[in-house]
Each structure stands twice: as C-alpha cells, then as structure tokens.
Amino acid sequence: MASGSALLRGRVALVTGSSRGIGRAVALRLAGMGASVVVTYRRRRDEALETARLAREAGVEAAVIQADMADLEQVERLARQALESMGRVDILVNNAGTGYAQVFHKARVDLVVREIHADLLGPILLTRALLPGMIERGWGRIINVSSIAATHGAPYLAGYSAAKAGLIGFTRSLAAEIAGSGVTVNAVAPGFVETRLGLSYFRWLQQTFGIPDPLKAYLNSIPPHRLVTTEEVASVVAFLASPEASGINGQVIILDAGATLAPGSLAGRPELEGAPRGGGAGAAAG
Ligand SMILES: NC(=O)c1ccc[n+]([C@@H]2O[C@H](COP(=O)([O-])OP(=O)(O)OC[C@H]3O[C@@H](n4cnc5c(N)ncnc54)[C@H](OP(=O)(O)O)[C@@H]3O)[C@@H](O)[C@H]2O)c1
C-alpha cells in the first residue's frame, strides 16, 4: 500500500475557494498526499497564489483559476479551464461558500439569491461538468462542504442554511445514482470554524444586537467550548478523498467537536476553571 503521503499521487484535486480558510487547508493536505491541485478564488488572487506556492513546495503541480461560484457561466468556464490545464479532475471539493447573516423577514433578496447560487447551484453545476470524466475513469471523489447550520439550523442564516441543506440532498441523491461507479459523493458539515467567514457571523451579532461578546457566549454554551480548526476539517476531507474511504458514500459527517451535542447543557466548565459553581464542594449531583 502507498504511504499516507503518496495515497493520491497521480490524482488531480480541484478545491473551490482554496485561497484561504478551510479550502486552503484542504488543498494543502491533498497536495501533501501527492495530488496536484487546482486552487480557485473569487477576488483575492494574491491569497490563491500563496496557496498554490505552498502546494508546489509539497512537490505537486498547482493551477490557479478565478471564478465566482455565484455566476453560473463562470462555473462552466472554471470546469473547462481546469480540464484544459490539468487534463483531468479526480477529486472535487465543493468548498467555496458565502453566507450573509440577516434578519430573515427583512432580508435583502439579492443576497439570498446570491448565497443560493454560490453555495448550491454553483457546486451542482461544477459537479455536473466534472463528473463524466470521473465516471469514465471509474474513480472519483466529490466532497461537498455543508454546515451544521444545515443539519441543526442557525438563526439569521436561513438562506445560507437552505443552500447548505440542499447540498446534503444533492449529495445523497447523486451518491445513490452513481453508487458502484467508483465515484463517491459525501459531505462534511463543520461547526463554526475560526475563519474570516466563521468569525463574521459573531461580528454581525455584535454589531446588530449589541451583544458584547457573542463568540464567548457561544463557546460557553457548547460542550467543547471551542471552535473547529481548519486542519480538523482538512483531515476528514482528506480521508474521504483517499482510496481508503471507498466504502463511504452518500454520507454527511458532522465535524463540530461535539458542539451540537447537548448544547447549552453545560454553562461554563467549572471543573476546568477550578471554580465550583452552585452548591460548591458539598453539592450533590442529580
Ligand atoms: N467558517 C465556518 O464557521 C464554517 C462552518 C461550516 C461550514 N463552512 C463552509 O466552509 C466553506 C469554506 O469557508 P471558510 O470558513 O473557509 O471561509 P473563508 O475563510 O471566508 O474562505 C472562503 C473561500 O471561498 C471563496 N469564495 C467565497 N465566495 C465565493 C464565490 N462566490 N465564488 C468563489 N469563491 C468564493 C473565497 O475566495 P475570495 O476571498 O477570493 O472571495 C475563499 O477562498 C464554505 O462553504 C463555508 O460555508 C464554514
């Protein structure tokens, strides 16, 4: 068996939105496993070039392509350019995403349309464009980046959550349709990750409602008391992309360090802070 660092040698991975955040961590992890990578971005070319430079340091080829996933013609062009520059795409990670926190009954419709296009229609069309080659070669991996906002809901993210939930339906149905072809389709649903996008939600809560430190309040209310890291998401995506995950198809892996387990059931972690709460040392449980 190939060593972990060579499991994807000869494969080409396209990771949308890999100029920073989760996408960059995924692209570099796949590069570290031997896959050549197509790095995509919407606006920040310098960041995409930096991801490509880091990927090349791992000894693989890297191409950089600009495309706004909300613009369906640009999505078609992205698929064409990726195939022209690399000859094939074996692994597609539909990672690029955007979300606009809004009070839904006052929401700007153009922003809702935009997030449905970027987070759902774009990935669907990109998958459609790249799937035929994978099926012909009898091997492929499609990994869709959804969110716990889709599986569990998140206030002020209704449009975003709808798009991300759509991605889950797409994942399951396409997986069922092409099961046995050698191509698998799975999704990951991360909890909040400390990236520009993740932190913007808490900033919005602060600015909109004047909550002093919404991130701290959130962390205090969830069992792990921490956010997920980009590396933790990359590890799971890399495993799903590897030949070793051939038996996993149509699944949604929730990747939240336990944030959606019994939320709010632990107010703080007194045993970690060394400060007894409630009845103090003599208090009986239950
Ligand atoms: N962070 C979280 O808490 C969290 C939780 C669950 C799921 N997710 C999902 O994880 C994925 C990555 O998010 P992230 O947290 O890593 O965000 P991020 O750090 O803000 O990075 C977003 C990436 O996507 C690109 N992008 C954004 N809108 C795009 C568009 N319309 N077309 C093409 N590229 C676009 C950005 O490129 P430019 O800068 O060039 O625009 C950037 O490369 C998203 O799908 C997000 O929904 C994030």
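Reader: In which loop does Tyr156 lie?

Author: The model is predicted, and its backbone has a positive phi, near 70 degrees, at Tyr156, a residue other than glycine. The place of Tyr156 along the chain is the loop between α5 (148-151) and α6 (158-178).

Reader: Is Tyr156 buried or exposed?

Author: A residue counts as buried when 20 or more other C-beta atoms lie within 10 Å of its own. Tyr156 has 20 such atoms, so this loop residue is classed as buried.

Reader: What is the phi value of His225?

Author: His225 is in the loop between α8 and α9. With 16 other C-beta atoms within 10 Å, His225 is partly exposed. Its phi is positive although the residue is not glycine, and the value is near 55 degrees.

Reader: How far apart are the end C-alpha atoms of helix α9?

Author: Helix α9 covers residues 230-241, which makes 12 residues. At 1.5 Å a residue the helix should therefore span 16 Å. The model agrees with this expectation, for the distance between the end C-alpha atoms is 16 Å.

Reader: Which elements do the buried residues of α9 pack against?

Author: The buried positions of α9 are Thr230, Val233, Ala234, Val236, Val237, Ala238, Leu240 and Ala241. An α-helix has 3.6 residues a turn, so residues three or four places apart point the same way. The packing partners of these buried residues are one helix, α1, and the strands β1 (12-15), β4 (91-94), β5 (140-145), β6 (183-190) and β7 (252-255).

Reader: Which residues of the largest nonpolar core touch the most other members?

Author: In soluble globular proteins, nonpolar side chains tend to be buried together. Here the largest nonpolar core has 79 residues. The members that touch the most others are Ala13, Leu30, Ala35, Val37, Val39, Val233 and Val237.

Reader: Which residues does Leu30 touch, not counting those up to four places away in sequence?

Author: Leu30 is among the core residues that touch the most other members. Two of its contacts, Ala13 and Val37, are in that group as well. With neighbours up to four places away set aside, the full list for Leu30 is Leu8, Ala13, Ala35, Val37, Ile91, Ala238 and Ala241.

Reader: What distance separates the C-alpha atoms of Leu14 and Met86?

Author: Leu14 is in strand β1 and is buried, with 29 other C-beta atoms within 10 Å. Beyond four places in sequence, Leu14 touches Val38, Ala82, Val89 and Leu92. Leu14 and Met86 are 72 residues apart along the chain, and their C-alpha atoms are separated by 9.9 Å.

Reader: Which residues is Ser5 in contact with, leaving aside its neighbours within four places in sequence?

Author: Ser5 belongs to the segment before β1. With 12 C-beta neighbours inside 10 Å, Ser5 counts as exposed, and its C-alpha is 28 Å from that of Arg45, 40 residues away in sequence. The contacts of Ser5 beyond four places are Gly32, Met33 and Gly34.

Reader: Which residues does Gly138 touch, not counting residues up to four places away in sequence?

Author: Gly138 is placed in the loop between α4 (109-137) and β5. It is exposed, with 9 other C-beta atoms within 10 Å. Asp90, 48 residues apart from Gly138 along the chain, has its C-alpha 9.8 Å away. Once residues up to four places away are excluded, Gly138 touches Ser181 and Gly182.

Reader: How far apart in space are Glu84 and Trp204?

Author: Glu84 is in helix α3 (residues 72-86) and counts as exposed, with 10 C-beta neighbours inside 10 Å. Glu84 and Trp204 are 120 residues apart in sequence, and from C-alpha to C-alpha they are separated by 41 Å.

Reader: At roughly what angle do the axes of α7 and helix α8 cross?

Author: The axes of α7 and α8 (residues 214-221) come within 8 Å and cross at an angle given below. Phe202, Leu205 and Gln206 of α7 meet Pro214, Leu215 and Tyr218 of α8. This contact has five nonpolar residues, one polar residue and no charged residues. The crossing angle is roughly 115 degrees.

Reader: Which residues surrounding the ligand are the closest?

Author: The shell around the ligand has 11 nonpolar, 11 polar and six charged residues. Helices α1 (21-32) and α7 (196-209) each supply at least two of its residues. Of the 28 residues that surround the ligand, the closest are Gly17, Gly21, Gly97, Thr195 and Gly198.

Notes
Residues are numbered from 1 along each chain as its sequence is written. This is a predicted model: local features need pLDDT of at least 70, side-chain atom pairs count only at pLDDT 80 or more; totals for chains, interfaces and linings use all residues. A residue is near a molecule or strand if its C-beta atom, placed from the backbone, lies within 6 Å of it. Helices (H or I, at least four residues) and strands (E, at least two) are DSSP runs, numbered from the N terminus. Ala, Val, Leu, Ile, Met, Phe, Trp, Tyr, Cys and Pro count as nonpolar, Asp, Glu, Lys and Arg as charged, and the others, Gly among them, as polar. Axes are lines fitted to C-alpha atoms, for helices over the stretch in contact, and angles run from 0 to 180 degrees between N-to-C directions. Two residues are in contact if their C-beta atoms, placed from the backbone, lie within 7 Å. A nonpolar core is a set of buried Ala, Val, Leu, Ile, Met, Phe, Trp, Tyr and Cys residues joined through C-beta atoms within 7 Å. The expected span of a helix is 1.5 Å times one less than its number of residues.
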